[in-house]
Amino acid sequence: MELPLFPLNAHLLPGGIMPMRIFEPRYQRLVSLASARGFVLCMLDHQAQQAVRNMLPIGTRVEIVDFDLLDDGLLGITVRGVERVRLGEVRQEADGLRWGEVAALPPWPSVSVSPAFTPLVEKLREVFDDYPEYGALYREPHWEDGCWVAQRWLEMLPLSPHQKQWLLGEESCAPALALLERLVQRA
């Protein structure tokens, strides 16, 4: 399936929610095209040699769940991550909007939060409390789902893009949970 691409320095994972400010004409066009199947958020690869292909191979197909005209006159949208995808061929149109062939990756199976991972949940709850504008994005947090918790941490933590890509390419959230547990124990 071919979808429009939106490269960013941040990453959003399935179940994640992100507000965005849309100001470039090519991305305003992307929003108008994305109503049916969504678009793909791709993490930028600053080591890439080709400007058209400066995105890492695993992205997230997102859907627009809300939009608004912001105080500064720009379009504001809120997107929700739907599924991980692997990026294939990329093409660029005259206005700079890029399109990519994408293939859906299997979803990570849900896992119950074991007692070993309870500190991850507690710390994430603290983040939601300390940053209420972020916590407010999640009306129904899935504290009991270890994969949901791991994905929210992976969105926030300042891991290298290549390390995040390695974790996102795994078949389950187990490697991410193991890494996160070690990081929380050190904190």
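The exercises below, each with a worked solution, explore a predicted model of one protein chain.

**Exercise 1. Confidence**

Work out which elements of the protein chain have the lowest and the highest mean pLDDT.

Solution. Begin with the chain as a whole, which averages a pLDDT of 90, with 96% of the residues scoring at least 70. Then turn to the elements, among which H6 has the lowest mean pLDDT, at 85, while strand E6 (residues 98–104) has the highest, at 96.

**Exercise 2. The sides of helix H1**

Find the buried residues of helix H1 (residues 25–33), and explain where they lie around the axis.

Solution. First, pick out the buried residues of H1, which are Tyr27, Leu30 and Val31. Next, consider their directions: they cover an arc of only 100 degrees around the axis, and therefore they lie on the same side of H1. This fits a general rule, since an α-helix has 3.6 residues a turn, so residues three or four places apart point the same way. On the other side of H1, Pro25 and Ser32 are exposed. Finally, look at what the buried residues of H1 pack against, namely strand E1 (2–8), E2, strand E3 (39–43), strand E4 (58–69) and strand E5 (75–92).

**Exercise 3. Two nonpolar cores**

Determine which elements give two or more residues to the largest nonpolar core.

Solution. Start with the core itself, which has 30 residues, those with the most contacts inside it being Leu120, Trp153 and Leu154. The elements that give it two or more residues are helix H2 (118–130), helix H4 (146–156), helix H5 (161–168) and helix H6 (174–186), and H4 gives the most, with 6 residues. Now follow Trp153, which, apart from its neighbours within four places in sequence, is in contact with Leu120, Lys123, Leu124, Val127 and Leu180. A second, separate core of 17 residues includes Tyr27, Val31, Ala34 and Trp99.

**Exercise 4. Strand E2 and the largest pocket**

Trace the surroundings of Pro19, and then find which residues lie nearest the centre of the largest pocket.

Solution. Place Pro19 first, in strand E2 (residues 17–22). Its C-alpha atom is separated by 4.2 Å from that of Thr78, although the two residues are 59 residues apart along the chain. Beyond its neighbours within four places in sequence, Pro19 is in contact with Ile77, Thr78 and Leu137. Turn next to the largest pocket, which holds about 580 Å³ of space and is lined by 23 residues, with Gly15, Ile17, Arg80, Tyr138 and Trp148 nearest its centre. The elements that give two or more residues to this lining are E2, E4, E5 and H4.

Definitions and conventions. Residues are numbered from 1 along each chain as its sequence is written. This is a predicted model: local features need pLDDT of at least 70, side-chain atom pairs count only at pLDDT 80 or more; totals for chains, interfaces and linings use all residues. Side-chain values use heavy atoms; hydrogens and water are left out. Helices (H or I, at least four residues) and strands (E, at least two) are DSSP runs, numbered from the N terminus. Contact means heavy atoms within 4.5 Å. A nonpolar core is a set of buried Ala, Val, Leu, Ile, Met, Phe, Trp, Tyr and Cys residues joined through side-chain atoms within 4.5 Å. Buried means under 20% relative accessible area, exposed over 50%, partly exposed in between (1.4 Å probe, protein chains only). pLDDT is the predictor's confidence in each residue, from 0 to 100. The arc is that of the directions from the helix axis to the C-beta atoms. On a 1 Å grid over the protein atoms alone, a cavity is a set of points where a 1.4 Å probe fits but cannot get out, and a pocket is an open set with protein on both sides within 12 Å along at least five of seven lines; lining residues have an atom within 4 Å of a point. Grid points are joined across faces, edges and corners, and a volume is the space filled by probe spheres set on the points.
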